[in-house]
Amino acid sequence: MRIKNKVVSKSKNFGLLLFVLISFQLKAQTDQELVNGYRNVIIQSDSLLKIGKISNFNKEEVISLARKLDSQYPLQYLSNSLKYLNQKKYNESAFLYFLGKIRKKELDKSNGFNNYDGVGGDADNFINEVVVTYLASDGDNYKDILKKVITYYERNSYTYLKNNKSEKPSEELNEYKKIIDRIESEPEKSKQDLKEFRDDMATKIKEYFFQQ
């Protein structure tokens, strides 16, 4: 964990303590759990796509959880996203993951340094690969999840920073909006691009993980 030499408030020290505790939880993922995570997303997305349930999303539960997480250190979004991923609830996992990326940027901008990497970064990469592989199965579902994240973000403040001013992390929001715009303005091309990405990921996952 690389943290610049800064004087931090008690609340920030508490945040760093949470970083250590949650990072330990994230690191507790075993190799087999990681293998299962990659395997399951291919099997589950294929299955749900066939029966028309690829967009299933427990909105009430996830929004309620997100409101609780808004008063906590941003690594909590990652931790809870991982829990949903392990339960094969990929849309819920994706929602918290993408929202957490924005909240982390808010915290970064409020105190001027990167608040977690290392273990958090490893879990971030794993969740990103799994949820984007799932979302690539259906472009309409992908854009709908991102729209839900943007709508939630615009309506709910990050209360963890109630005593700090924070700039809006426009780069993250703009990236989400670009993906939505591309899917809507070029539906056939984006569908093909997503299919190629998912097929490539599925090939790699089956090659490396289905033999274990």
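## A residue to start from

Is leucine 49 buried, partly exposed or exposed, judged by its relative accessibility? In this predicted model, leucine 49 lies in helix α2 and counts as partly exposed, with a relative accessibility of 39%.

Setting aside its neighbours within four places in sequence, leucine 49 is in contact with Ile54, Ser137 and Asp138. One of these partners, aspartate 138, is 89 residues away from leucine 49 in sequence, yet the two C-alpha atoms are 8.0 Å apart in space.

## The chain as a whole

The protein chain contains nine helices and zero strands, so that, read from the N terminus on, its elements run α-α-α-α-α-α-α-α-α. Of the 212 residues in the protein chain, 46% count as buried.

How much of the contact between residues at least 6 apart in sequence joins residues at least 24 apart? In the protein chain, the share of such contacts that join residues at least 24 apart is 83%.

## The nonpolar core

The largest nonpolar core has 53 residues, and those with the most contacts inside it are Phe95, Leu96, Phe98, Leu99, Ile127 and Tyr142. Two or more residues are given to this core by each of α2 (31-50), α3, α4 (75-86), α5, α6 (119-135), α7 (139-155), α8 (170-185) and α9 (187-209). Helix α5 gives the most to this core, with nine residues.

Isoleucine 127, named among the core residues with the most contacts, touches Leu78, Ser81, Leu82, Leu85, Ser93 and Tyr97 when its neighbours within four places in sequence are left aside. One of these partners, serine 93, lies in helix α5 and is buried, with a relative accessible area of 0%. With its own neighbours within four places in sequence left aside, serine 93 is in contact with Ser81, Tyr84, Leu85, Ile127 and Val131. Ser81 and Leu85 are thus among the contacts of isoleucine 127 and also among those of serine 93.

## Helices α3 and α5

The axes of helix α3 (residues 59-69) and helix α5 (residues 90-111) come within 11 Å of each other and cross at roughly 25°. Since angles under 35 degrees count as roughly parallel, α3 and α5 are therefore roughly parallel to each other. The crossing of these two helices, α3 and α5, is right-handed.

On the α3 side of this contact are Val62, Ile63, Leu65, Ala66 and Leu69, which meet Glu92, Phe95, Leu96 and Leu99 of α5. The residues of the contact of α3 with α5 comprise eight nonpolar, no polar and one charged. Phe95, Leu96 and Leu99, which take part in this contact, are also named among the residues with the most contacts inside the largest nonpolar core.

## Helices α7 and α8

For α7 and α8, the axes come within 9 Å and cross at roughly 145°, and the crossing is left-handed. In α7 the residues of the contact are Gly139, Tyr142, Lys143, Leu146, Lys147, Val149, Ile150, Tyr153 and Glu154, and in α8 they are Leu173, Tyr176, Lys177, Ile179, Ile180, Ile183 and Glu184. By type, the residues of the contact of α7 with α8 divide into ten nonpolar, one polar and five charged.

Tyr142, which belongs to the α7 side of this contact, is also one of the residues with the most contacts inside the largest nonpolar core.

## Residues around α4 and α5

Asparagine 86 is found in helix α4 and, at 38% relative accessibility, counts as partly exposed. Its C-alpha atom is separated by 8.5 Å from that of asparagine 36, although asparagine 86 and asparagine 36 are 50 residues apart along the chain.

What sign does phi have at lysine 88? Most residues other than glycine have a negative phi. Lysine 88, in the loop between α4 and α5, has a positive phi of about 65° although it is not a glycine. This lysine 88 is partly exposed, with a relative accessible area of 37%.

Serine 110 lies in helix α5 and is buried, with a relative accessible area of 18%. The C-alpha atoms of serine 110 and leucine 161 are separated by 8.0 Å, while the two residues are 51 residues apart along the chain.

Terms used. Residues numbered from 1 in each chain as written. Predicted model: local features only at pLDDT ≥ 70, side-chain atom pairs only at ≥ 80, totals over all residues. Heavy atoms only, no water. Axes fitted to C-alpha atoms, helices over the stretch in contact; angles between N-to-C directions. Helix = DSSP H or I, 4+ residues; strand = E, 2+ residues; numbered from the N terminus. Parallel < 35°, antiparallel > 145°, perpendicular 65-115°, else oblique. Left-handed = near helix turned anticlockwise from the far one by under 90°. Contact = heavy atoms within 4.5 Å. Nonpolar A, V, L, I, M, F, W, Y, C, P; charged D, E, K, R; others polar. Core = buried A, V, L, I, M, F, W, Y, C linked by side-chain atoms within 4.5 Å. Buried < 20%, exposed > 50% of the residue type's maximum accessible area, 1.4 Å probe, protein only.
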